[in-house]
Amino acid sequence: MKLKFKKGLSLNLEGGVRADAQTVTKKTDMCAIVPDDFPGFVPKPAVKDGDEVACGQPLLFDKAHPEVKILSPMSGRVKGVVRGDRRKILRVEVEQSEVTVTAPTFSRPADAASAKSFLAASGMLAFMRQRPYDIVPNPADTPRDIFITAIDSAPLAATAATYGTGIFTAEDYQLGVDILRMVTKGKVYLATDETWPFGDIKGAEMLTVAGPYPAGNVSVQIEAVAPVNKGETVWTLDGSTLARIGHIASTGKFFPETVVAVTGPEVMTPGYVQTIIGASVESILKGNLKETPRHLRVISGNVFTGIAVDGEDKYLHFPYRQITVIDEGDDVDEFMGWASVSPSKMSESASFPGHFLKRLFRPDARLNGGRRAMIQSGEYEKVMPMDIMPEYLIKAILSHNIEDMEALGIYEVAPEDFAAAEYVDTSKLPLQKIVREGLDYLRKELE
């Protein structure tokens with residue numbers, strides 16, 4: 001099935017990876033797992049400071065579902081279980097070293113029950129999400145369908161052709177689909193783009209997706225194929241998680257390797273880096289940043305949905321596949337500030353010359369304006385291909401009106417679906433944060 005979306009937003013940014021770029025391997029001696037990357041997962045530490053851990057050994061488990069675990073990406077010692085206010089676990093840091101403990105092994109599942117146990121114990125269930133609520137799935141549930149997206153339409157993201165380049169094979173994807181088919185009575189959908197190199201995967205309903213962001217978001221694909229209704233549960237994951245499931249099942253060992261697209265205007269040579277999940281961002285960027293006196297913002301992810309890494313939190317965040325570096329913009333002295341009509345300023349507004357120029361831009365992280373009351377102008381609908389009324393849904397969330405939230409489609413969305421709308425929003429509202437809080441509120445009230 002082919003899906004082509006016209007609504008959306010594409011940003012013309014400098015710092016994209018060339019088609020002929022080679023993947024380089026970079027080692028790291030530090031990594032970290034951040035529980036906030038896994039919504040719905042209530043973390044409890046399985047280790048304490050100074051413990052020896054082998055690669056694949058649990059670092060955290062879910063308080064509500066102890067069988068769901070997040071595993072260590074490397075062998076070494078636990079440098080710290082870092083806590084914040086009210087003893088909230090901010091991250092678990094592991095420092096590489098020789099260890100005497102033995103790495104766990106995982107058996108290939110043979111039926112639905114063993115498949116769910118395998119996904120939970122291998123840490124792969126934590127890498128998946130469910131609709132509604134966009135949270136880590138409950139292993140007790142049986143999903144209506146499973147949707148996999150092996151396409152990333154975000155700015156400067158890698159194409160499907162580079163998804164797991166050099167570390168995964170067609171057999172990994174095939175085995176991953178075979179395992180997921182055990183846990184659903186419905187269908188397994190796999191969305192790719194025209195660069196997908198592995199052909200059709202047996203047992204999966206293949207979707208070929210085209211269009212600007214957010215065409216690669218799984219919510220958009222679900223709505224176009226089989227929308228989620230109240231009372232239904234759908235599991236979702238990305239292409240690299242699918243292949244990782246298959247690889248772990250075939251080898252019996254946890255596989256922490258990942259390929260990261262290093263992008264952005266401030267990167268000297270954009271390219272692909274093979275590292276491990278949760279790796280130190282410093283190790284990935286070492287020797288590859290342009291020399292500049294300006295302040296830089298390093299983003300784990302893309303400019304729409306990524307997380308700024310700074311201070312002590314300088315680790316690669318889930319989904320572990322992109323880093324973007326742009327100017328911070330806090331030390332810019334610009335005539336007329338955000339209202340400047342310079343042609344170098346990127347904007348979706350026709351009030352700025354940059355709107356009409358077909359060129360690559362070097363944006364910074366400034367808000368360019370101030371937060372104000374919500375303006376209903378139809379801006380959101382222009383960049384959202386989903387059949388919902390996003391402005392009214394945001395209003396319902398802000399007013400905690402559960403009935404309206406349900407009627408306006410909150411069960412179908414995730415925060416990332418509002419990223420483009422947040423970018424064009426005249427009111428400068430933190431739409432992704434609002435949607436996340438709305439989903440959490442709804443789940444708390446109804447479950």
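**Group meeting presentation: a walk through a predicted structure**

Let us begin at Thr 236, which has its place in strand E14, residues 234-238. Please keep in mind that the structure before you is a predicted model. Is Thr 236 buried or exposed? With a relative accessibility of 4%, Thr 236 counts as buried, because the cut-off for that class is under 20%. Leaving aside residues up to four places away in sequence, Thr 236 touches Met 128, Arg 129, Arg 131, Phe 147, Val 218 and Ile 222. Two of these contacts, Arg 131 and Phe 147, lead us onward.

I turn to Arg 131. A cis peptide bond joins Arg 131 to Pro 132, with omega at about 5°. Pro 132 lies in the loop between strand E10, residues 129-131, and strand E11. The loop between E10 and E11 also holds Asp 134. Asp 134 is not a glycine, yet its phi is positive, at about 55°. The relative accessible area of Asp 134 is 12%, so this residue is buried.

The other contact is Phe 147. The structure holds 13 aromatic pairs. One of them is formed by Phe 147 and Tyr 189, a stacked pair with 4.4 Å from centre to centre and 15° between the planes. Which parts of the chain does this pair link? The pair links distant parts: Phe 147 belongs to strand E11, residues 145-149, and Tyr 189 to strand E12, residues 188-192, with the two positions 42 residues apart. Phe 147 is buried, at a relative accessible area of 1%. Tyr 189 also counts as buried, with 8% relative accessibility.

Beyond strand E12 we come to Lys 202, in the loop between E12 and strand E13, residues 205-210. Lys 202 has a relative accessibility of 68% and therefore counts as exposed. Its contacts, not counting residues up to four places away in sequence, are Gln 174, Val 177 and Asp 178. The C-alpha atom of Lys 202 is separated by 9.6 Å from that of Leu 175, a residue 27 places away along the chain.

A further loop deserves a brief mention. Arg 87 lies between strand E8, residues 76-83, and strand E9, residues 89-96. Although Arg 87 is not a glycine, its phi is positive, at about 60°. Arg 87 is exposed, with a relative accessible area of 57%.

Next, the open sheet. Six strands form it in the order E2-E16-E15-E19-E17-E18, and the pairing is mixed. Which strands stand at the edges? They are strand E2, residues 23-25, and strand E18, residues 307-308; each has a single partner strand, so one side of each is left without a neighbour in the sheet.

Within this sheet, strand E15, residues 257-263, pairs with strand E16, residues 271-276, in the antiparallel sense over six bridges. Glu 257 has Ile 276 as its bridge partner in E16, and Val 259 has Gln 274. E15 is also joined to strand E19, residues 322-327, by three bridges, and these two strands run parallel. There, Val 262 is bridged to Ile 323 of E19. E15 is mostly covered, with six of its seven residues buried.

Between E18 and E19 lies a loop that contains Pro 319. The peptide bond from Phe 318 to Pro 319 is cis, with omega near 10°. Phe 318 also takes part in a cluster, in which ring pairs link Phe 38, Phe 127, Phe 318 and Tyr 320.

After E19, the loop leading to helix H6 includes Glu 348. At 36% relative accessibility, Glu 348 counts as partly exposed. The C-alpha atoms of Glu 348 and Leu 9 are 8.9 Å apart, although 339 residues separate the two along the chain.

We now reach helix H7, residues 390-398, whose buried residues are Pro 390, Glu 391, Leu 393, Ile 394, Ala 396 and Ile 397. These buried residues pack against helix H6 (379-382), helix H8 (402-407) and helix H10 (431-446). Just after H7, His 400 takes a positive phi of about 55°.

I close with the second largest pocket, which holds about 340 Å³ of space. Of its 21 lining residues, the closest to the centre are Ser 153, Ala 154, Pro 155, Leu 156 and Ala 157. How is the lining divided by class? There are 13 nonpolar, five polar and three charged residues.

Note on methods:
Residues numbered from 1 in each chain as written. Predicted model: local features only at pLDDT ≥ 70, side-chain atom pairs only at ≥ 80, totals over all residues. Heavy atoms only, no water. Phe/Tyr/Trp six-rings, centres within 6.5 Å; stacked < 30°, edge-to-face > 60°. Helix = DSSP H or I, 4+ residues; strand = E, 2+ residues; numbered from the N terminus. Buried < 20%, exposed > 50% of the residue type's maximum accessible area, 1.4 Å probe, protein only. Pairing = 2+ DSSP bridges. Contact = heavy atoms within 4.5 Å. 1 Å grid on protein atoms, 1.4 Å probe; cavity = no way out; pocket = protein on both sides within 12 Å on 5 of 7 lines; lining within 4 Å. Points joined across faces, edges and corners; volume = space filled by probe spheres on them. Nonpolar A, V, L, I, M, F, W, Y, C, P; charged D, E, K, R; others polar.
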